[in-house]
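Trainee: Could you walk me through this structure, and tell me what each term rests on?

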Amino acid sequence: MNWLYASLGVAIAAFVMTWLRLRRSRRQADDFAREAGEMRETLAQQRTSHELDRAAMAEIVDMVGQGILAVSTKARVVVANRRVAEMFETSGDLAGRLVVEVIRQQSVVDAIDRALRGQPSSGRLSFDERRIEVRAFPVAASPEIAAVALFNDVTTIERLERVRRDFLDDFSHEVRTPLAGLKSAAETLERGGLAREQEQQLQHVMQRQIGRIERLVHDLADLNQIETGQLTLHRRNVHLREVLNELADDYRFALRGEDPVAFVDPARALQVFANLLDNAQKHGGGEIAVELAQDSGEAVVRVCDEGAGIPPADVERIFHRFYRVDRSRSQPGAGLGLAIAKHLVALHGGVIRAYNRAGGGATFEVRLPAADA
Ligand code: ADP
């Protein structure tokens, strides 16, 4: 009987052990299932956040002012932002397409080729009247992207650089002449031994040259003030005949026509007309006439002279700063007067133009907004 109890005890113990092991392994299985579920969830979350990152990155890359193009080892587009599509006038989804299909500029394709062979490069290319700066370089750290090209539209910057260069050239050219006159007069005076009359003559020369420099600086300051929008107009309804009458003491001209009333700043209108009369006297000649008219919502002033007129090719250019038809002519003036006049008229919402009359002589026509009713 004893052996029976013993075997029963062993069997019960075995059963209990097995049951315990089973329970443990079931718990382990549950734990494993739970862990697997959690991992799946984390992975899903990571994937979503990765996708969100990609979308955010695409949006950010699109916002950048530069063109950004990332390509694979096979020269296929991986990322191209909106600027690239705008600059190279391509549309649709560029991802996956070959660079040569997307960008027709050979120099860009070559730069990307070089970058794919590990060689960075930079340069500027011109097309459609634009200047684009291109920089291409290899990328080593990404399995997907092998090279990146960056595009920068430098058209405006280059134009401003040119304007600045031209301006400095013109300015130093304009200052050099009166300065040379001043220097030689001062040296002659310093040497001494001059008759009273000669001294007076030299002083007169010096004053004239100083006047030229002063006028140049004053005109430039004026132009700068207008161009940077710092000039405030004090506009009111003004009889243009009255404005022109104020100039009668300084200039000889005949005043004809109606008495238009314009909505202008009288001091600035006077400045424009004084400049035109000054030019008519200086560059034109003969009898000078000012014609006034009221023409459907506009007050019109025409300053006419009987000089040689303006060469047809220069009719537009004379309004550019520092432009003079004949640079060698020793006429006073730096070529800023008409540039200032054009800006002032435009500021009033009017227009100024020049033309030659059939009978000879130049006419400058100014159209200004008529009186505010
Ligand atoms: P400036 O008189 O100082 O030279 P402006 O800007 O007033 O500068 O004029 C620019 C140029 O336009 C002059 O140098 C001249 O060549 C030309 N011009 C202006 N007015 C006349 C005119 N009435 N007749 C012929 N040429 C003119």
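Mentor: Let's start with pockets. Picture a 1 Å grid laid over the protein atoms alone: a pocket is an open set of points with protein on both sides within 12 Å along at least five of seven lines, while a cavity is a set where a 1.4 Å probe fits but cannot get out. A residue counts as lining if it has an atom within 4 Å of a point. Grid points are joined across faces, edges and corners, and a volume is the space filled by probe spheres set on those points. Bear in mind that this is a predicted model, where local features need pLDDT of at least 70 and side-chain atom pairs count only at pLDDT 80 or more, though totals for chains, interfaces and linings use all residues. Residues are numbered from 1 along each chain as its sequence is written, and side-chain values use heavy atoms, with hydrogens and water left out.

Trainee: What volume does the second largest pocket have, and which residues lie nearest its centre?

Mentor: The second largest pocket holds about 530 Å³ of space. Its lining has 22 residues, with M57, A58, V61, V78 and V79 nearest the centre. Helix α1 (2–63) gives the largest share, seven residues. Helices (H or I, at least four residues) and strands (E, at least two) are DSSP runs, numbered from the N terminus.

Trainee: And what makes up the lining of the largest pocket by class?

Mentor: There are 25 nonpolar, 11 polar and 12 charged residues. Ala, Val, Leu, Ile, Met, Phe, Trp, Tyr, Cys and Pro count as nonpolar, Asp, Glu, Lys and Arg as charged, and the others, Gly among them, as polar. The volume of this largest pocket is about 990 Å³. Of its 48 lining residues, N275, N279, K282, H283 and G337 are the closest to the centre. Helix α8 supplies the largest share, 11 residues.

Trainee: How many cavities of 30 Å³ or more are there, and why is such a space called a cavity?

Mentor: The count is one. The name fits because the probe can sit in such a space but cannot get out, whereas a pocket is open. This cavity has about 30 Å³ of space. V264, A269, V272, F273, V345, H348, V366 and L368 line it. By class, that is seven nonpolar, one polar and no charged residues. Helix α8 (266–284) turns up again, with three residues, the largest share of this lining.

Trainee: On to the sheets. What makes β2 and β3 edge strands?

Mentor: Look at the order first: an open sheet of five strands runs β2-β1-β5-β4-β3, with antiparallel pairing. β2 (77–80) and β3 (121–127) each have a single partner strand, so one side of each has no neighbour in the sheet, and that puts them at the edges. From one strand to the next, the twist averages 20°.

Trainee: How do you know that β3 and β4 pair?

Mentor: Two strands pair if DSSP finds at least two bridges between them. Seven bridges join β3 to β4, which run antiparallel. S122 stands opposite R135 in β4, and R135 in turn has L150 of β5 as a bridge partner. β4 and β5 are also antiparallel, over seven bridges. Strands β1 (67–71) and β5 (147–153) pass the test with five bridges, and V71 is matched with A147 there.

Trainee: Which residue in the hairpin of β3 and β4 takes a positive phi?

Mentor: D128 does, near 50°, in a hairpin with two residues between the strands.

Trainee: Which strands stand at the edges of the sheet with mixed pairing?

Mentor: That open sheet also has five strands, in the order β7-β9-β10-β12-β11. β7 (254–257) and β11 (351–356) are the edge strands, as each pairs on one side only. Within it, β9 (289–295) and β10 (298–304) pair in the antiparallel sense over seven bridges. Q294 stands opposite A299 in β10.

Trainee: What makes you say that α8 packs on this sheet?

Mentor: Helix α8 touches β9, β10, β11 and β12, where contact means heavy atoms within 4.5 Å. Its direction makes about 175° with that of β12. Axes are lines fitted to C-alpha atoms, for helices over the stretch in contact, and angles run from 0 to 180 degrees between N-to-C directions, so a value of 175° puts the two nearly opposite in direction.
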